[in-house]
Amino acid sequence: MAATKRKRTILIVVVSIVLVILLAIALIPLALSGLFSNGVKTEGIDESRLKAAETDIDGEWTVTKRPGPNSTSAGFTFSEVLPGQRKVTSASTEGVSGNVTIEAGTLTAGEITVDLNNLTSDSDVRDSNVRRKILHTDTYPEATFRVTEPADVSQLPEDGSVGTVELTGEMTIHGKTNPVTHEFAAARSGSSVYVAGDMPINRLDYGVESPEFVAATINEEGEINVRLHLTKD
């Protein structure tokens with residue numbers, strides 16, 4: 001009798017363990033889907049929402065967080081490889097500040113700062129891991145871009161269409177600084193200036209490693225996505 005009861009207890013325990021394992025296996029794809037889905041990307045300038053310029057290009061310009069079309073945003077996009085599939089993942093934040101100086105049609109100075117603590121995708125789990133385990137925002141809470149060479153912006157269209165401007169500067173992420181040069185889309189619209197671009201980046205150049213706990217292989221090459229809405233002081 002006692003032996004039969006022990007066998008029954010052991011059987012129940014074994015069945016319970018098997019059910020827990022099967023449930024965990026069933027939930028893995030769901031967890032990975034939430035962790036590595038496409039996210040939220042900072043897009044470029046929506047030209048359909050622009051109008052003719054109403055103010056001179058020269059002056060002191062400040063990044064504004066005013067909501068609306070072409071609002072300020074910055075973030076990243078990287079490809080990830082999961083078992084049997086490849087995904088492109090993005091995150092972004094509106095926590096962007098900075099200013100630009102334009103004199104006689106030349107951009108002479110500028111610095112942009114991004115608060116990495118507010119990077120958001122479509123997964124809270126991913127966001128927490130990116131902040132704590134990949135970007136280490138407790139130690140490196142901000143990323144910056146500082147213009148180091150003057151840039152001609154006198155040719156930017158006044159009719160509300162999008163032009164381009166090549167900016168050279170220094171970008172600092174994760175405590176590492178590298179020189180960068182990139183051609184950005186830029187537009188004058190009403191009393192605003194908009195600048196946007198997808199800057200290629202190798203995360204290893206900035207000491208950003210992929211931790212062992214991450215189930216996916218994260219590409220070394222990715223993009224920094226930025227869209228700035230600037231207004232005059």
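A polar contact is a pair of N or O atoms within 3.5 Å; within protein, one atom must be able to donate a hydrogen and the other to accept it. One such pair ties Ser189 to Lys51: the side chain of Ser189 reaches the backbone nitrogen of Lys51 at 2.9 Å. The model described here is predicted.

## The chain as a whole

The chain has 233 residues, and 43% of them count as buried. Its secondary structure comes to 2 helices and 11 strands. Along the sequence, the order is α-β-β-β-β-β-α-β-β-β-β-β-β. One helix therefore opens the pattern, since α stands at its start.

Contacts often span long stretches of sequence. Among contacts with a separation of 6 or more, 68% join residues 24 or more positions apart. The accessible surface of the chain is about 12,700 Å². Carbon and sulfur atoms hold 54% of that surface.

## The largest pocket

How much space lies in the largest pocket? About 190 Å³. Its lining has 15 residues. Pro69, Ser189, Ser192, Tyr194 and His229 lie nearest the centre. By class, the lining has 4 nonpolar, 8 polar and 3 charged residues.

Two of the serines named there deserve a closer look.

Ser189 sits in strand β9, which covers residues 176–189. Its relative accessible area is 7%, so Ser189 is buried. The cut-off for buried is under 20%. Ser189 touches Arg49, Leu50, Lys51, Ala52, Ala53 and Tyr194, leaving out residues up to four places away in sequence. Tyr194, a partner of Ser189, is also among the residues nearest the pocket centre. Lys51 is 138 residues from Ser189 in sequence. In space, the two C-alpha atoms are 4.9 Å apart. The 2.9 Å reach from the Ser189 side chain to the backbone nitrogen of Lys51 joins this pair.

Ser192 lies in strand β10. With a relative accessible area of 6%, Ser192 is buried. Its side chain and that of His229 are joined by a polar contact of 2.8 Å. Both Ser192 and His229 are among the residues nearest the pocket centre. Beyond its neighbours within four places in sequence, Ser192 is in contact with Trp61, Ala187, His229, Leu230 and Thr231.

## Val193, next along β10

Val193 is found in strand β10, residues 192–202. Is Val193 buried or exposed? Val193 counts as buried because its relative accessibility is 7%, and the cut-off is under 20%. Its contacts, not counting residues up to four places away, are Ile57, Trp61, Ala187, Arg188, Leu228, His229 and Leu230. Trp61, Ala187, His229 and Leu230 appear in the contacts of both Val193 and Ser192. Thr231 is 38 residues from Val193 in sequence, with 6.5 Å between their C-alpha atoms.

## Val153 and Thr101

Val153 is in the loop between β7 (151–152) and β8 (163–173). Its relative accessibility is 5%, so Val153 counts as buried. Val153 touches Ile57, Ile102, Gly105, Thr106, Leu107 and Val165, not counting residues up to four places away. Ile57 is a contact of Val193 as well. Val165 is 12 residues from Val153 in sequence and 6.5 Å away in space, C-alpha to C-alpha.

Thr101 has its place in strand β4, residues 96–103. At 12% relative accessibility, Thr101 counts as buried. Beyond four places in sequence, Thr101 touches Gly59, Glu60, Thr106, Leu107, Thr108 and Ala109. Thr106 and Leu107 are contacts of both Thr101 and Val153.

## Two loop residues with positive phi

Asn70 and Ala104 each have a positive phi without being glycine. Asn70 lies in the loop between β1 (59–63) and β2 (73–82). Ala104 lies in the loop between β4 and β5 (106–115).

| Residue | Phi | Relative accessibility | Class |
|---|---|---|---|
| Asn70 | near 60 degrees | 7% | buried |
| Ala104 | about 50 degrees | 70% | exposed |

Why do the two fall in opposite classes? Asn70 is buried because its relative accessible area is 7%, whereas Ala104 counts as exposed because its value is 70%. The cut-offs are under 20% for buried and over 50% for exposed.

Notes. Residues are numbered from 1 along each chain as its sequence is written. This is a predicted model: local features need pLDDT of at least 70, side-chain atom pairs count only at pLDDT 80 or more; totals for chains, interfaces and linings use all residues. Side-chain values use heavy atoms; hydrogens and water are left out. On a 1 Å grid over the protein atoms alone, a cavity is a set of points where a 1.4 Å probe fits but cannot get out, and a pocket is an open set with protein on both sides within 12 Å along at least five of seven lines; lining residues have an atom within 4 Å of a point. Grid points are joined across faces, edges and corners, and a volume is the space filled by probe spheres set on the points. Ala, Val, Leu, Ile, Met, Phe, Trp, Tyr, Cys and Pro count as nonpolar, Asp, Glu, Lys and Arg as charged, and the others, Gly among them, as polar. Helices (H or I, at least four residues) and strands (E, at least two) are DSSP runs, numbered from the N terminus. Buried means under 20% relative accessible area, exposed over 50%, partly exposed in between (1.4 Å probe, protein chains only). Contact means heavy atoms within 4.5 Å. Accessible areas come from the Shrake-Rupley method with a 1.4 Å probe; for residues, only the protein chains shown count as cover.
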